[in-house]
Amino acid sequence: MTGLPTPVIIDCDTGVDDALALLFAVRHPGLELRAVTCVAGNADVDQVVRNTLTVLEQAGAPEVPVARGAERPLLEPVRTAHHVHGRDGMGDLGLPAPGRRPADVDAVTLLRREILAAPRPVTLIPTAPLTNIALLLRTHPEVTRNIERIVFMGGAVATGNATAVAEFNVWHDPEAAAILLTAGVPITMYGLDVFQRVIVPADDVRRLRASGEPGAVLAGRLLAHRDPVTGEEDPPGGLGDAGAVCAVADPAGLTTELLPVEVNLAPGPARGQTVVDRRPRPGEAELHGEAREQPLVDVALDVDVERYVKLYLATVER
Ligand code: RIB
Ligand code: CA
């Protein structure tokens with residue numbers, strides 16, 4: 001432990017909960033947000049860029065470089081999630097347009113530059129489909145020498161959300177996720193199993209909204225954003241992607257196990273599933289010498305919900 005902040009880069013598809021992640025990252029004293037890169041996912045990539053720039057301005061961090069990345073997955077078409085994140089991808093809160101433009105380099109170029117220039121190894125935090133990261137790893141594999149770890153929001157041990165078994169970010173670009181898993185650096189999978197559990201109580205959401213400080217108010221309004229189908233008046237709010245950034249700032253709040261993980265790339269109902277092997281004993285393939293090597297990933301199996309809620313609130317209300 002050096003006491004110096006951890007250099008981090010967030011690759012996102014802002015996105016209500018990506019915005020919550022950005023607000024946390026710029027305000028946590030143990031993190032140094034070096035860049036943010038954008039990819040198509042929850043919204044089209046140009047909307048994602050606008051949303052990201054606006055959030056950083058509201059958070060008081062307008063200097064963080066932002067770059068536009070892939071406008072579609074490697075093989076799949078774009079399939080946005082406006083039904084969850086609103087027409088503008090930010091809960092239709094009527095946020096102002098950003099006052100600046102993104103960097104004049106693409107996301108892969110910015111990622112390479114910032115990773116290699118960082119004084120200490122970088123932790124990458126993808127909270128979106130993995131297209132930019134896969135393109136980076138294939139174009140500039142040398143970046144792995146200055147990557148400490150990749151903590152990605154994606155996948156699921158148990159149930160999916162995009163399909164019965166697949167989580168949205170992995171399902172959106174399964175080939176890219178498969179490339180990520182074989183990056184050859186330590187990887188933490190912050191999947192749906194923990195993602196869905198970290199909920200900020202309604203009282204805290206109300207306090208944030210009433211605080212008067214622009215970043216905290218925005219966090220409160222985003223947390224209060226509701227899927228139009230449920231439409232509660234005064235709801236609690238899920239941290240979503242922000243939980244993955246909490247896991248970087250405070251890894252002790254997350255219980256992980258190093259397990260083999262493989263992305264199902266076959267067409268059909270299981271495409272995009274993260275197949276996590278939790279068997280305690282060798283299976284048939286191993287016994288018969290037919291096993292294929294699978295990447296080992298630190299899979300999040302449990303999370304200290306209260307700890308991350310407290311951490312999030314203390315950080316954005318600083
Ligand atoms: O699967 C959960 C989705 O909501 C992902 O896109 C995640 O990043 C969040 O934005
Ligand atoms: Ca996201």
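**Figure 1. The pocket that holds ligand 1.** On a 1 Å grid over the protein atoms alone, a pocket is an open set of points where a 1.4 Å probe fits, with protein on both sides within 12 Å along at least five of seven lines. A molecule sits in a pocket if more than half of its atoms lie within 2 Å of the pocket's grid points. By that rule, ligand 1 sits in the largest pocket. This is a predicted model, in which local features need pLDDT of at least 70 and side-chain atom pairs count only at pLDDT 80 or more, while totals for chains, interfaces and linings use all residues. Residues are numbered from 1 along each chain as its sequence is written, chains are lettered from A and ligands numbered from 1 in the order in which they are written, and side-chain values use heavy atoms, with hydrogens and water left out.

**Figure 2. The neighbours of ligand 1.** Which residues are around ligand 1? With a heavy atom within 4 Å counting as near, they are Asp17, Asp18, Asn42, His85, Thr127, Met153, Asn161, Glu167, Phe168, Asn169, Phe195 and Asp241. Sorted by class, this shell has 3 nonpolar, 5 polar and 4 charged residues (Ala, Val, Leu, Ile, Met, Phe, Trp, Tyr, Cys and Pro count as nonpolar, Asp, Glu, Lys and Arg as charged, and the others, Gly among them, as polar).

**Figure 3. Polar side chains beside ligand 1.** Look for side-chain N or O atoms paired with oxygen atoms of the ligand (a polar contact is a pair of N or O atoms within 3.5 Å). For Glu167 the distance is 2.5 Å, for Asn169 it is 2.7 Å, and for Asn161 it is 2.8 Å. Taken alone, ligand 1 exposes 280 Å², and the protein buries 93% of that (areas come from the Shrake-Rupley method with a 1.4 Å probe).

**Figure 4. The calcium ion, ligand 2.** Which protein atoms are donors to the calcium ion? They come from Asp13 (OD), Asp18 (OD, listed twice), Thr127 (O) and Asp241 (OD), 2.2 to 2.6 Å from the ion (donors are N, O and S atoms within 3.2 Å for Ca; water is not among the atoms, so sites may look incomplete). Asp18 lies in helix 1 and Thr127 in the loop between strand 4 (122-126) and helix 5 (131-139), so this pair ties together parts 109 residues apart in sequence (helices, H or I with at least four residues, and strands, E with at least two, are DSSP runs numbered from the N terminus).

**Figure 5. A cis peptide bond.** Thr14 and Gly15 are joined by a cis peptide bond, with omega about -10°. Gly15 belongs to the loop between strand 1 (6-12) and helix 1.

Notes: A polar contact is a pair of N or O atoms within 3.5 Å; within protein, one must be able to donate a hydrogen and the other to accept it, and residues adjacent in sequence count only if both atoms are side-chain atoms. On a 1 Å grid over the protein atoms alone, a cavity is a set of points where a 1.4 Å probe fits but cannot get out, and a pocket is an open set with protein on both sides within 12 Å along at least five of seven lines; lining residues have an atom within 4 Å of a point. Donors are N, O and S atoms within 2.8 Å of the metal (3.2 Å for Na, K and Ca); water is not among the atoms, so sites may look incomplete.
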